[in-house]
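The exercises below are meant to be worked through with the sequence and the coordinates at hand. Each one sets a task and then gives a solution in steps.

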Amino acid sequence: MVLYPFLLLLQLFFTEMSAKSLPAINSIQIDEAWARATTVGNSVVYVKIFNNSSQPDRLVNVETDVCKVVELHTHLREGDIYKMRRLKAIEIPAKQVISLEEGGLHIMLMNVFEPLKEGTEIKLILVFEKAGRVSILAKVRKNKYKCGCKD
Ligand SMILES: [Cu+2]
């Protein structure tokens, strides 16, 4: 029958289509998460975000219990001054790594409820447009390289 190969092709086509529309498991990986130790006021969280998927994704929100308001920020240079600017989302291109790091993109924790003590960990949920909710633990330290705590 002549029709059969055509149907088979069609079926293959649809199988591939549905596979593509499903979110890949572990398409987003988070590494090197740390938060700056503070006694009062604001703190910052830095992470490395790997997008293993062939589709771009976006970090759209962050949830945590350590403060009421969390914002996504970047630093912009205006003359000799660096200013923080709020972002609605952070783009994570397909098959790329985006580093949130000092002087650049960061997760801003506004007015922490309690001091963030060096050596402890805080829990955060990073919410991605496609990959959904990703739970992480961020180590609290004074800065990226110096930590009185055990690694
Ligand atoms: Cu900020």
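**Exercise 1.** Leaving aside its neighbours within four places in sequence, which residues is Val47 in contact with? Then place Val47 within the nonpolar core of the chain.

*Solution.* The model is a predicted one, and side-chain atom pairs count only at pLDDT 80 or more. Step one is to list the contacts: with neighbours up to four places away set aside, Val47 is in contact with Ile30, Glu32, Ala33, Leu100 and Ile136. Step two is to turn to the largest nonpolar core, which has 25 residues, and in which Val47 belongs to the group touching the most other members, together with Ala35, Val45, Leu59, Leu116, Ile122 and Ala138. Step three is to ask which elements feed this core: β1, β2, β6, β8, β9 (121-128) and β10 each supply at least two of its residues.

**Exercise 2.** Describe the secondary structure of the chain, and say how strand β1 is paired.

*Solution.* The chain comes to 1 helix and 10 strands, and from the N terminus on the order is α-β-β-β-β-β-β-β-β-β-β. Strand β1 (residues 28-36) pairs with strand β2 (residues 43-51) in the antiparallel sense over 6 bridges, and within this pairing Gln29 has Phe50 as its bridge partner in β2. The hairpin formed by β1 and β2 has 6 residues between the strands, and there Gly41 takes a positive phi near 80°. Strand β1 also pairs with strand β10 (residues 132-141), this time in the parallel sense and over 3 bridges, with Val140 of β10 as the bridge partner of Ala35.

**Exercise 3.** Is Ile107 buried or exposed, and which residues is Ile107 in contact with beyond its neighbours within four places in sequence?

*Solution.* Begin with the location, since Ile107 lies in strand β8 (residues 106-112). Next apply the cut-off: Ile107 is buried because 23 other C-beta atoms lie within 10 Å, where 20 or more are required. Beyond its neighbours within four places, Ile107 is in contact with Val44, Val45, Val62, Val70, Leu72 and Leu100. As a check along the chain, Ile107 and Ser43 are 64 residues apart in sequence, while their C-alpha atoms are separated by 8.5 Å. For the chain as a whole, 67% of the contacts between residues at least 6 apart in sequence join residues at least 24 apart, and 21% of its 151 residues count as buried.

**Exercise 4.** Where are Lys95 and Asn111 found, and what value does phi take in each?

*Solution.* Lys95 is found in the loop between β6 (90-92) and β7 (97-99), and its phi is near 55°, a positive value in a residue other than glycine. Asn111, by contrast, is found in strand β8, with a positive phi near 50°, again in a residue other than glycine. Lys95 is exposed, because 12 other C-beta atoms lie within 10 Å, and Asn111 is exposed with a count of 12 as well.

**Exercise 5.** Which residues does Lys83 touch, not counting residues up to four places away in sequence?

*Solution.* Lys83 lies in strand β5 (residues 81-87) and is exposed, with 11 other C-beta atoms within 10 Å. Outside the excluded neighbours, Lys83 touches Leu76 and Glu78. Finally, the C-alpha atoms of Lys83 and Gly103, which are 20 residues apart along the chain, are separated by 9.7 Å.

Technical notes: Residues are numbered from 1 along each chain as its sequence is written. This is a predicted model: local features need pLDDT of at least 70, side-chain atom pairs count only at pLDDT 80 or more; totals for chains, interfaces and linings use all residues. Two strands pair if DSSP finds at least two bridges between them. Helices (H or I, at least four residues) and strands (E, at least two) are DSSP runs, numbered from the N terminus. Two residues are in contact if their C-beta atoms, placed from the backbone, lie within 7 Å. A nonpolar core is a set of buried Ala, Val, Leu, Ile, Met, Phe, Trp, Tyr and Cys residues joined through C-beta atoms within 7 Å.
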